Amino acid sequence: MMERPARPNCLQPPLTSLVNTCVWLFTQVSSPEVSGTMYNTGRHVSLRLDKEHLVNISGGPMTYSHRLEEIRLHFGSEDSQGSEHLLNGQAFSGEVQLIHYNHELYTNVTEAAKSPNGLVVVSIFIKVSDSSNPFLNRMLNRDTITRITYKNDAYLLQGLNIEELYPETSSFITYDGSMTIPPCYETASWIIMNKPVYITRMQMHSLRLLSQNQPSQIFLSMSDNFRPVQPLNNRCIRTNINFSLQGKDCPNNRAQKLQYRVNEWLLK
């Protein structure tokens, strides 16, 4: 899976080691029900949560508690590309990124994004299937997604259950890196979940019909909004997956080559 500009020091064991044995904890500071506004930013689909229902995550590789601020979707023009992380050199059709900021040290996401230990991003791969993840189904059904066809379009979504977005696994790979859109501050810790979530082919088609531009401008699909592969630069990768065991969470015993990706137009 992964990567970006790097920190030079590697203080942890390599990917093949069982580095973190504690269970990653997902905790809610109210009910699992959340609401927010979905935007077409011209670069990606963004769901920005309201402040009435706060969702925090802690445990696992995190030293602090982090508060969910935004959910972003990245996807490709075809099913063989779209994710910003690669697994064993292979891309997925898309990637969901849940962006959290360190609310114990910082007052808001803007301050945290520029500061050490500021952000945690949980990434979940997207695959095309016959069924759809319940949370993503609320975002991508025809009545909803057509409300944000053009840049700066927005639509309010209520009654979402954030727990429905997560795949049924506590396995993850984690590393310290940067955000994938400018200014790409190196203040983010990434947690890549070891199972994907699913959307239907029609929902993926609807995403590809979203425009980077406003209605008065020529249509240009938002798809392929992922960052190009970056070198590891000796970056340290940690995991709670035991690669010495065969099982449903570990397809083989080989260490996976971890890489990362985004499109040059994102940097303009």
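In this predicted model, His-44 is found in the loop between β2 (33-40) and β3, and at 4% relative accessibility His-44 counts as buried, because the cut-off for burial is under 20%. When its neighbours within four places in sequence are left aside, His-44 is in contact with Tyr-39, Glu-70, Arg-72, Leu-73, His-74, Ile-181, Met-222 and Asn-225. Two of these partners, Arg-72 and Glu-70, are themselves joined by a salt bridge in which the closest N and O atoms are 3.0 Å apart. Both members of that pair carry charged groups that form the bridge, and both are buried, Arg-72 with a relative accessibility of 11% and Glu-70 with one of 10%.

The search of the whole structure finds five salt bridges. Another of them is formed by the side chains of Lys-51 and Glu-69, with a distance of 3.1 Å from N to O. This pair links distant parts of the chain, since Lys-51 belongs to the loop between β3 (45-49) and β4 (55-59), whereas Glu-69 belongs to strand β5 (residues 66-75), 18 residues apart. The two partners also differ in their surroundings: Lys-51 is exposed at 56% relative accessibility, while Glu-69 is buried at 18%.

A further salt bridge brings together the side chains of Arg-201 and Asp-79, at 2.7 Å from N to O. Here too the pair links distant parts of the chain, with Arg-201 in helix α4 (residues 201-208) and Asp-79 in the loop between β5 and β6 (85-87), 122 residues apart. Arg-201 counts as exposed, with a relative accessibility of 53%, and Asp-79 is partly exposed, with a relative accessible area of 25%. Asp-79 and Arg-201 are, together with Arg-208, linked in a network of salt bridges.

Helix α4 also has a buried side to its description, for Gln-203, Met-204, Ser-206, Leu-207 and Arg-208 are its buried residues. The elements that cover these residues include β3, β5, β8 (119-129), α2 (134-140), α3 (142-145) and β12 (197-200). One of the buried residues, Leu-207, touches Val-45, Leu-73, Phe-75, Leu-140, Ile-145 and Ile-199, if residues up to four places away in sequence are not counted. Leu-207 is also among the residues with the most contacts inside the largest nonpolar core, a group that further comprises Val-45, Val-96, Leu-98 and Met-139, and this core has 38 residues. A second core, separate from the largest one, consists of 14 residues and includes Phe-125, Tyr-175, Trp-190 and Ile-192. As a general background to such groupings, nonpolar side chains in soluble globular proteins tend to be buried together.

The structure holds two aromatic pairs. In one of them, the ring centres of Phe-92 and Phe-125 are 4.1 Å apart and the ring planes stand at 10 degrees, so the pair is stacked. Because Phe-92 lies in the loop between β6 and β7 (94-102) and Phe-125 in strand β8, this pair ties together parts that are 33 residues apart in sequence. Both Phe-92 and Phe-125 are buried. In the other pair, the rings of Tyr-175 and Trp-190 have centres 6.4 Å apart and planes at 5 degrees, so that this pair is likewise stacked. Tyr-175 lies in strand β10 (residues 172-177) and Trp-190 in strand β11 (residues 188-193), and the pair therefore ties together parts that are 15 residues apart in sequence. Tyr-175 is buried with a relative accessible area of 0%, and the value for Trp-190, which is buried as well, is 0%.

Strand β4 is largely enclosed by the rest of the structure, because five of its five residues are buried. Strands β4 and β5 run antiparallel and are joined by two bridges, and Asn-56 stands opposite Arg-67 in β5. The two strands form a hairpin with six residues between them, and in the turn Gly-60 has a positive phi of about 55 degrees.

With regard to the cysteines, Cys-184 is buried, with a relative accessible area of 16%, and Cys-236 also counts as buried, at 12% relative accessibility. The count of disulfides nevertheless comes to zero, a disulfide being a covalent bond between the sulfur atoms of two cysteines.

How values were computed
Residues are numbered from 1 along each chain as its sequence is written. This is a predicted model: local features need pLDDT of at least 70, side-chain atom pairs count only at pLDDT 80 or more; totals for chains, interfaces and linings use all residues. Side-chain values use heavy atoms; hydrogens and water are left out. A nonpolar core is a set of buried Ala, Val, Leu, Ile, Met, Phe, Trp, Tyr and Cys residues joined through side-chain atoms within 4.5 Å. Buried means under 20% relative accessible area, exposed over 50%, partly exposed in between (1.4 Å probe, protein chains only). Contact means heavy atoms within 4.5 Å. A disulfide is a pair of cysteine sulfur atoms within 2.5 Å. A salt bridge is a side-chain nitrogen of Lys or Arg within 4 Å of a carboxyl oxygen of Asp or Glu. Helices (H or I, at least four residues) and strands (E, at least two) are DSSP runs, numbered from the N terminus. Two strands pair if DSSP finds at least two bridges between them. Rings of Phe, Tyr and Trp (its six-membered ring) pair if their centres lie within 6.5 Å; planes under 30 degrees apart count as stacked, over 60 as edge-to-face and the rest as tilted.
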